[in-house]
There are 2 protein chains.
Amino acid sequence: MLPKALTNVIDALGSLPGVGPRTAERYAYYLFKSNSKIAEGIAEALEHLHTGVKSCPVTFALMDADEDLSPLYTDSERDKQVVMVVEEPLDIYAMEATHAFKGTYHVLGGAISPIDGVTPEQLHIGELIKRANNDNVKEVIIATNPSVEGESTALYLEKILHEQNPELKLTRLARGLPLGVDLSYADQITLSAALENRTQL
Amino acid sequence: MLPKALTNVIDALGSLPGVGPRTAERYAYYLFKSNSKIAEGIAEALEHLHTGVKSCPVTFALMDADEDLSPLYTDSERDKQVVMVVEEPLDIYAMEATHAFKGTYHVLGGAISPIDGVTPEQLHIGELIKRANNDNVKEVIIATNPSVEGESTALYLEKILHEQNPELKLTRLARGLPLGVDLSYADQITLSAALENRTQL
């Protein structure tokens, strides 16, 4: 009933995460009503997405396809002996936004999850061990997500990195109350962690 | 800091209605992680959006660009003497989904709104009057939105259509309680309308 060209756009946009038929319809109709340059701009950007982005072969961070290594790794201002391990490439940009970290990153590419069939072999853990030796790494900051999978991955990494080099300093991001959250709304695990890791005044 | 090709996609998707930087980032990263066919499919659909869809010159419904008139108008099963007037083309598909209406449609292209600078002259009202004469229309069902603008537009249409042809039957969609809404949650205007338009058992 709807024009085919519009149905095609609705179906295509419906493949985005969390976008149902109604939202896709809203997007498609908005684009149809707007200047065609907007739809064409999205189309062009999408066509270059996979050709324009690749993973850094050392850190597995995302980078422009014409670069050899991630600028976050090659930057001489950054300390290659301190490596923060994250699950996904976008975690890097969340951390970079704080301007608080001057080391380098290593992207695992996910977290260990037997239910989803993700084993340690599928993550970039071998490359992390190799890198720890090559770059003479002094500290690995484990920054996996505070989820069941993230926790398991952190424990696994701790064990395997310690086996490889008992001298290597291993740390994790602190647990505690996030800013602006009422004590009464904090979950029990967060609150326990905040109590356990309390800081002296 | 993010690869340029990814930033371009985030910026482009951020132009969709209700999509902020975080959502755009999520969409872009999902597309990057998925098979490139998905992003390419969206790109291709968007490129054909404006060339593949046009407005019917009589009803202003959307239709495939290679058609002369909307199939909802040319269909001989549909009664051209009953015309439902809606604000936007997508309203048609909401009504069609009910399979309850066998007349034809007329899209105004919006609602009268002095604040947004929308005057009656900018809507397809002249074409509606012309059509009422040409097709010997017996009934016009005013199905504008139950908003301030929709109400003003309905009143304006009632006045002008009545002036043109006092014989023409003018109706409006019924007001009342929507299905599944608790009486205690209904707003006062809806509840008043439901009382006023109560039906005999």
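**Exercise 1. How the two chains are related**

Work out what turn and what shift lay chain B on chain A in this predicted model.

*Solution.* Start with the general idea: two copies of a chain are related by a rotation about an axis and a shift along it. Here the turn is 180° and the shift along the axis is 0.0 Å, and chain B then lies on chain A with an RMSD of 0.1 Å. The two copies are thus related as by a two-fold rotation axis. To find that axis in chain B, look for B:Ala43: its C-alpha is the nearest to the axis, 1.9 Å away. Last step, the contact surface: 100% of the contact residues of chain B recur in chain A, so the same surface serves both copies.

**Exercise 2. Compact or spread out?**

Decide whether chain A is a compact globule or more spread out than one.

*Solution.* First, get to know the parts: chain A has nine helices and six strands. Next, set its radius of gyration, 22 Å, against the 17 Å that the globule rule gives for 201 residues. The value for chain A is well over the rule, so the chain is more spread out than a compact globule. For the dimensions, follow the C-alpha trace along its principal axes, where it spans about 65 × 50 × 35 Å. Then check the contacts: of those in chain A with a separation of 6 or more, 45% are between residues 24 or more positions apart.

**Exercise 3. Inside, outside and charge**

Find out what share of chain A is buried, and what its exposed surface and charges look like.

*Solution.* Buried residues come to 42% of the 201 in chain A. Turning to the outside, chain A exposes about 11,400 Å², and 53% of that comes from carbon and sulfur atoms. Now count charged side chains: 17 are positive and 29 negative. The centres of these two sets lie 3 Å apart.

**Exercise 4. Two residues with positive phi**

Take A:His99 and B:Phe60, and say for each where it sits and whether it is buried or exposed.

*Solution.* Begin with A:His99, which isn't a glycine yet has a positive phi, near 55°. Trace chain A from α6 (89-96) to β4 (103-107), and you'll meet A:His99 in the loop between them. Its relative accessible area is 65%, and exposed means over 50%, so A:His99 is exposed.

Now B:Phe60, another non-glycine residue with a positive phi, near 65°. This one is in the loop between β1 (53-55) and β2 (62-64) of chain B. Its relative accessibility is 12%, and the cut-off for buried is under 20%, so B:Phe60 counts as buried.

Key: Residues are numbered from 1 along each chain as its sequence is written. Chains are lettered from A and ligands numbered from 1 in the order in which they are written. This is a predicted model: local features need pLDDT of at least 70, side-chain atom pairs count only at pLDDT 80 or more; totals for chains, interfaces and linings use all residues. Side-chain values use heavy atoms; hydrogens and water are left out. Copies are superposed by least squares on the C-alpha atoms of residues with pLDDT of at least 70 in both. Contact means heavy atoms within 4.5 Å. Helices (H or I, at least four residues) and strands (E, at least two) are DSSP runs, numbered from the N terminus. The radius of gyration is taken over C-alpha atoms; the globule rule is 2.2 Å times the number of residues to the power 0.38. Buried means under 20% relative accessible area, exposed over 50%, partly exposed in between (1.4 Å probe, protein chains only). Accessible areas come from the Shrake-Rupley method with a 1.4 Å probe; for residues, only the protein chains shown count as cover. Lys and Arg count as positive and Asp and Glu as negative; His and the chain ends are not counted. The place of a charge is taken as NZ of Lys, CZ of Arg, CG of Asp or CD of Glu.
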